[in-house]
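Visitor: I have a new model open and want a quick tour. Can you walk me through it?
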Amino acid sequence: MDTAASVKDDDSQAIDRDRARRRREMARSAGNVRSRLGTSDRQHSTFELERQHLFADTRINAAFAVPLLVLIVTAISVIWLNPFFLGAWLIVTLCTHLLMVVTCHSYERAPSDQKARIYWRRRFTLGDLLYGCSWAVFFLLPRSDNAGDGFVIFHFATLLIVVAMNTMQSATLPRCLLASTLPMTLIVTASFLQQIDPIHYTLAAMAIGAQGFFFILGNQLLKNANTMLEYRAEKDHLIAELETANAMSDEARRRAEAANVAKSRFLATMSHELRTPLNAILGFSEIMKDEVLGPMKNDTYKSYSADIHGSGQHLLNLINEILDLSRIEAGRHELQEESLYLEEVVEECGSMMTVRANTKNIILHHTHEPDMPRVWADERALRQVVLNLISNAVKFTPVGGEVHIKVGRTSDDGQYVSITDTGPGIPEDEIPTVLEAFGQGSHAIKSAEPGTGLGLSIVQALVGMHDGKFVIKSQLGVGTEAIMSLPRARVMNYSPDVVWADTESTDFDLENARSA
């Protein structure tokens with residue numbers, strides 16, 4: 001037994017340590033993400049591996065577009081260039097392009113730990129340098145004698161197209177961008193400067209300007225790629241944070257469910273363990289209080305027995321209320337619905353409370369509208385609701401006061417029960433408090449009125465199970481009005497063709513009901 005207990009304790013400690021570790025990781029991740037999101041001047045990370053992946057992916061996607069451009073340039077250049085040299089250049093250029101595509105495919109298939117090695121960047125730079133030099137050779141090919149200004153313009157247009165294409169493909173790696181474009185620009189500029197015509201000087205200047213422009217464009221594309229990658233990383237961090245929070249939420253929900261089951265078992269056990277001695281206490285104290293077995297010569301003992309019986313009854317009521325509220329919260333309270341008259345239930349409850357009202361000289365006024373149809377509800381639940389409301393009204397109404405009980409129709413053809421007292425009232429800011437479990441108003445606390453603060457919580461829960469509404473209206477020094485209403489769908493003569501009313505937005509017109 002000791003060994004099993006120690007193993008269980010070790011497992012519990014291991015689980016607690018794992019939970020604490022996950023909470024620390026989630027807090028650290030959340031802090032890092034929030035700090036990055038809250039910083040206006042964020043420093044872009046290099047994202048070297050991600051940019052290498054974008055470079056390789058772009059080159060692979062353009063695997064067929066580049067050869068098409070090379071073939072078009074070759075076909076047009078036949079007009080001015082020697083076909084033999086042009087064919088050799090075509091083969092070399094396609095080979096360098098194929099080498100870059102194969103290298104990019106090898107990089108994509110490489111394991112993650114190898115992608116971080118520096119030789120991949122060197123391979124990409126060397127491959128782009130060879131590719132750029134192959135295009136630079138194109139501008140050095142010997143031309144025919146009939147090549148004129150048209151060939152010069154064609155050279156310049158080809159330079160712009162190739163530099164623009166290489167900028168789009170190599171923008172994520174600046175070294176590769178320079179390696180693939182700078183050789184062409186230098187060769188073309190040098191060839192133009194060797195001519196004496198002003199047009200060649202102009203084109204040389206434009207070639208240098210184009211190189212600078214595309215280099216700036218490449219840097220801007222690099223910034224955009226870094227921004228995109230940074231936002232993607234932040235999104236991944238947030239997703240990881242949400243997954244961690246979701247896992248912890250599931251764990252907390254599981255523990256809450258386990259605690260709720262333990263609470264239900266505890267309440268069931270305590271109900272049995274407390275009710276058994278309470279029955280004996282109530283029975284024997286009632287026998288002693290009523291002097292069933294003979295008169296008690298000592299009045300003090302008789303008073304003690306009455307106190308014992310009253311305290312036991314109060315404790316029994318408290319246990320019953322806690323169990324009722326627990327069953328409702330756990331969703332195990334089932335309504336035994338039937339067809340009944342609401343005013344009959346209210347009249348029976350009023351009759352039951354008459355004795356208690358008479359002890360304080362409180363007058364109960366009961367009125368109801370004529371020809372009230374039946375409602376579909378749980379009679380026991382409605383009786384508990386009405387008894388709690390009338391009991392509260394009698395409890396807080398001073399001696400010689402009045403309690404008005406009225407049953408009527410709501411403005412949306414439902415039915416309501418209104419119970420108004422002439423007590424001290426409840427401050428408006430304390431109404432939400434008295435509706436909570438174990439909540440009591442300041443007057444109840446000052447006057448030390450007996451109660452647990454569970455009555456109105458049970459009333460609100462039972463009314464909600466009937467799809468009804470429960471409202472408290474109170475004014476200090478005037479009194480309190482508690483109103484329980486049932487929707488028109490609960491009325492037996494309600495037509496099923498009528499659409500359900502929005503109980504959140506509709507409210508019954510109590511003033512019209514009173515005037516009726």
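Guide: We'll go from the overall fold to helices, salt bridges, hollow spaces and backbone angles.

Guide: One thing up front: this is a predicted model.

Visitor: Fine. How many helices and strands are in the chain?

Guide: The chain has 17 helices and seven strands.

Visitor: And what share of the residues is buried?

Guide: Buried residues account for 38% of the 516 residues in the chain.

Visitor: What about contacts between residues far apart in sequence?

Guide: Take contacts between residues at least 6 apart in sequence. Of these, 74% join residues at least 24 apart.

Visitor: Let's pick a helix. What span should α4 have, and what does the model give?

Guide: Helix α4 covers residues 83-109, which is 27 residues. At 1.5 Å a residue, the expected span is 39 Å. The end C-alpha atoms are 39 Å apart, so the model agrees with the expectation.

Visitor: Which residues of α4 are buried?

Guide: The buried set is L86, W89, L90, T93, T96, H97, M100, V101, T103, C104 and Y107.

Visitor: What covers them?

Guide: The cover includes α2, α3 (65-77), α5 (112-115) and α6.

Visitor: Switching to electrostatics. How many salt bridges does the structure hold?

Guide: Eleven salt bridges. One of them pairs E48 with R121, with the closest N and O atoms 3.8 Å apart.

Visitor: Where do those two partners sit?

Guide: E48 is in helix α2 and R121 is in helix α6. They are 73 residues apart, so this pair links distant parts of the chain.

Visitor: Buried or exposed, those two?

Guide: Neither extreme. E48 is partly exposed, at 24% relative accessible area. R121 is partly exposed as well, at 25%. Buried would need under 20%.

Visitor: Give me something within one helix. What does R253 pair with?

Guide: R253 forms a salt bridge with D250, and the closest N and O atoms are 4.0 Å apart. Both lie in helix α9, residues 198-290. They are three residues apart, about one turn of the helix.

Visitor: And what does E257 do there?

Guide: The side chain of E257 meets that of R253 in a salt bridge, at 3.1 Å from N to O. E257 and R253 are four residues apart in helix α9, so about one helical turn separates them.

Visitor: How exposed are the three residues?

Guide: R253 is partly exposed at 46%. D250 is partly exposed at 34%. E257 is partly exposed at 43%.

Visitor: Any network worth marking? Which residues does it join?

Guide: Salt bridges with shared partners join E48, R51 and R121 into one network.

Visitor: On to pockets. What lines the second largest one?

Guide: Its lining is E48, R51, I118, R121, R122, T125, L173, P174, R175 and C176. So the network residues E48, R51 and R121 turn up here too. The pocket holds about 170 Å³ of space.

Visitor: Which helices supply at least two residues of that lining?

Guide: α2 (48-61), α6 (119-138) and α8 (174-193) each do.

Visitor: How does the lining divide by class?

Guide: Four nonpolar, one polar and five charged residues.

Visitor: What about closed spaces? How many cavities of 30 Å³ or more?

Guide: Three cavities of 30 Å³ or more. The second largest has about 60 Å³ of space.

Visitor: What lines that second largest cavity?

Guide: R143, F151, V152, H155, S191, F192, Q195 and H200. By class, that is three nonpolar, four polar and one charged.

Visitor: Which helix gives the most to it?

Guide: α7 gives the most, with three residues. α7 (149-170) and α8 each supply at least two.

Visitor: Last topic, backbone angles. What is phi at N361?

Guide: N361 has a positive phi of about 55°, though it is not a glycine. Most residues other than glycine have a negative phi. N361 lies in the loop between α12 (354-358) and β2 (363-368). N361 is exposed, at 55% relative accessible area.

Visitor: And what about phi at D467?

Guide: Phi of D467 is positive too, near 60°, and D467 is not a glycine either. D467 sits in the loop between α16 (455-465) and β6 (469-475). At 35% relative accessibility, D467 is partly exposed.

Key
Residues numbered from 1 in each chain as written. Predicted model: local features only at pLDDT ≥ 70, side-chain atom pairs only at ≥ 80, totals over all residues. Heavy atoms only, no water. 1 Å grid on protein atoms, 1.4 Å probe; cavity = no way out; pocket = protein on both sides within 12 Å on 5 of 7 lines; lining within 4 Å. Points joined across faces, edges and corners; volume = space filled by probe spheres on them. Nonpolar A, V, L, I, M, F, W, Y, C, P; charged D, E, K, R; others polar. Buried < 20%, exposed > 50% of the residue type's maximum accessible area, 1.4 Å probe, protein only. Expected span 1.5 Å × (residues − 1). Contact = heavy atoms within 4.5 Å.
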